[in-house]
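Here is a short report on one protein model. Look at the sequence and the structure first, then read on.

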Amino acid sequence: MKKLIAALIMVAFVMTGTALAEDKVLIVGCDTNFMPFEFKQGDKYVGFDIDLWDAIAKDLGLKYKLLPMDFNGLIPALQTGNIDAAIAGMTIKSKREEVVDFAYPYYQSGLLLMVGAGEKNIKGVEDLGNKTVATKLGTTSADFAKSLKTKEVKLYPNIDGAYLELQAGGADAVIFDSPAILYYIKTEGQGKVKTVGPLYQGQPYGIAFPQGSPLRDKVSVTILKFMEGDVYKNIYRKWFGSDPK
């Protein structure tokens with residue numbers, strides 16, 4: 001990891017002509033409906049992603065403004081230059097890497113299957129053949145759900161819609177990112193829902209940038225530095241109640 005840090009430092013800081021103007025205010029896209037990574041609390045945006053990005057910005061001396069938007073619009077906004085970065089629990093996958101650049105992965109996730117607390121017939125994705133599954137539009141969860149043998153896949157702009165559909169009986173299960181599912185089970189869904197089956201598809205999250213952005217390598221260096229020290233650990237403990245694995 002130290003060798004990787006050294007290499008990234010060389011790329012990020014030795015190259016000339018790549019420094020950002022000190023007075024530039026970066027526009028950072030985020031999807032503020034993804035607890036506990038990013039959500040609105042009163043009139044303030046909070047969460048793991050919000051705290052991590054703020055720490056990165058302070059470390060690099062960056063000024064920024066958060067721009068909440070639908071998750072599905074983040075990649076197009078990066079491609080058109082309407083935003084300078086996006087942090088939104090975004091899974092790094094090859095299709096996305098074709099059009100945007102990702103910094104070093106900052107979180108390892110996966111997908112979980114959630115059902116009603118009284119559900120006895122669904123024990124994993126193999127039991128979804130005649131079932132309706134709900135998840136969030138434009139995500140890897142949606143891709144995974146569509147690849148399964150199901151009766152129907154219902155897609156919602158926000159994951160809250162999928163949760164409500166399960167509670168209302170309009171869906172038999174929800175497939176989504178493990179930290180968001182676990183957070184929901186501990187909060188609003190406590191006693192109403194449960195997870196079944198294993199963790200599906202290991203998935204790294206990354207901060208995305210327009211292709212060729214000089215920020216990508218600089219942010220990667222800071223993330224690695226945070227992971228070797230206490231900054232990342234402290235932010236992780238705050239939102240997940242344990243040390244990162």
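Lys 233 is partly exposed, because its relative accessibility is 28% and the partly exposed class runs between 20% and 50%. Keep in mind that this is a predicted model.

**Salt bridges**

What does Lys 233 pair with? Its salt-bridge partner is Asp 230, and the closest N and O atoms are 3.8 Å apart. Asp 230 is partly exposed too, at 47% relative accessibility. The structure holds 10 salt bridges in total. Three of these pairs are set out here.

| Salt bridge | Closest N and O atoms |
|---|---|
| Lys 233 with Asp 230 | 3.8 Å |
| Arg 216 with Asp 217 | 3.1 Å |
| Asp 243 with Arg 237 | 2.4 Å |

Now compare how the partners sit. Arg 216 is partly exposed at 26% relative accessibility. Asp 217 has 17% relative accessibility, so Asp 217 counts as buried, a class that means under 20%. In the pair of Asp 243 and Arg 237, Asp 243 is partly exposed at 40%. Arg 237 is also partly exposed, with a relative accessible area of 39%.

**Helix H9**

Helix H9 covers residues 231-240. Which of its residues are buried? They are Tyr 232, Ile 235, Tyr 236, Trp 239 and Phe 240. These buried residues cover an arc of only 105° around the axis, so they lie on the same side of H9. The general rule helps here. An α-helix has 3.6 residues a turn, so residues three or four places apart point the same way.

What covers that buried set? The cover includes three strands: E3 (38-41), E4 (44-46) and E8 (107-116). It also includes helices H2 (48-60), H7 (178-186) and H8 (215-228). Just after H9 comes Gly 241, which takes a positive phi of about 70°.

**Asp 59 in helix H2**

H2 is one of the elements that cover the buried residues of H9. Asp 59 lies in this helix. Is Asp 59 buried or exposed? The class is partly exposed, with a relative accessible area of 32%. Leaving out residues up to four places away in sequence, Asp 59 touches Thr 222, Lys 225 and Phe 226. Asp 59 and Phe 226 are 167 residues apart along the chain. Their C-alpha atoms are separated by 9.8 Å.

**The largest pocket**

Next, the spaces. Rolling a probe the size of a water molecule over the atoms shows where empty space is left. The largest pocket holds about 700 Å³ of space. How many residues line the largest pocket? There are 23, and those nearest its centre are Tyr 107, Gln 108, Tyr 236, Pro 244 and Lys 245. Tyr 236 is also among the buried residues of H9. E8, H7 and H9 each supply at least two residues of this lining. The lining divides into 15 nonpolar, 4 polar and 4 charged residues.

**The cavity**

The count of cavities of 30 Å³ or more comes to 1. About 100 Å³ of space lies in the largest cavity. Its lining has 13 residues, and the closest to its centre are Phe 71, Gly 89, Thr 139, Phe 176 and Asp 177. What kinds of residue make up this lining? It divides into 5 nonpolar, 4 polar and 4 charged.

Terms used
Residues are numbered from 1 along each chain as its sequence is written. This is a predicted model: local features need pLDDT of at least 70, side-chain atom pairs count only at pLDDT 80 or more; totals for chains, interfaces and linings use all residues. Side-chain values use heavy atoms; hydrogens and water are left out. On a 1 Å grid over the protein atoms alone, a cavity is a set of points where a 1.4 Å probe fits but cannot get out, and a pocket is an open set with protein on both sides within 12 Å along at least five of seven lines; lining residues have an atom within 4 Å of a point. Grid points are joined across faces, edges and corners, and a volume is the space filled by probe spheres set on the points. Ala, Val, Leu, Ile, Met, Phe, Trp, Tyr, Cys and Pro count as nonpolar, Asp, Glu, Lys and Arg as charged, and the others, Gly among them, as polar. Buried means under 20% relative accessible area, exposed over 50%, partly exposed in between (1.4 Å probe, protein chains only). Helices (H or I, at least four residues) and strands (E, at least two) are DSSP runs, numbered from the N terminus. The arc is that of the directions from the helix axis to the C-beta atoms. Contact means heavy atoms within 4.5 Å. A salt bridge is a side-chain nitrogen of Lys or Arg within 4 Å of a carboxyl oxygen of Asp or Glu.
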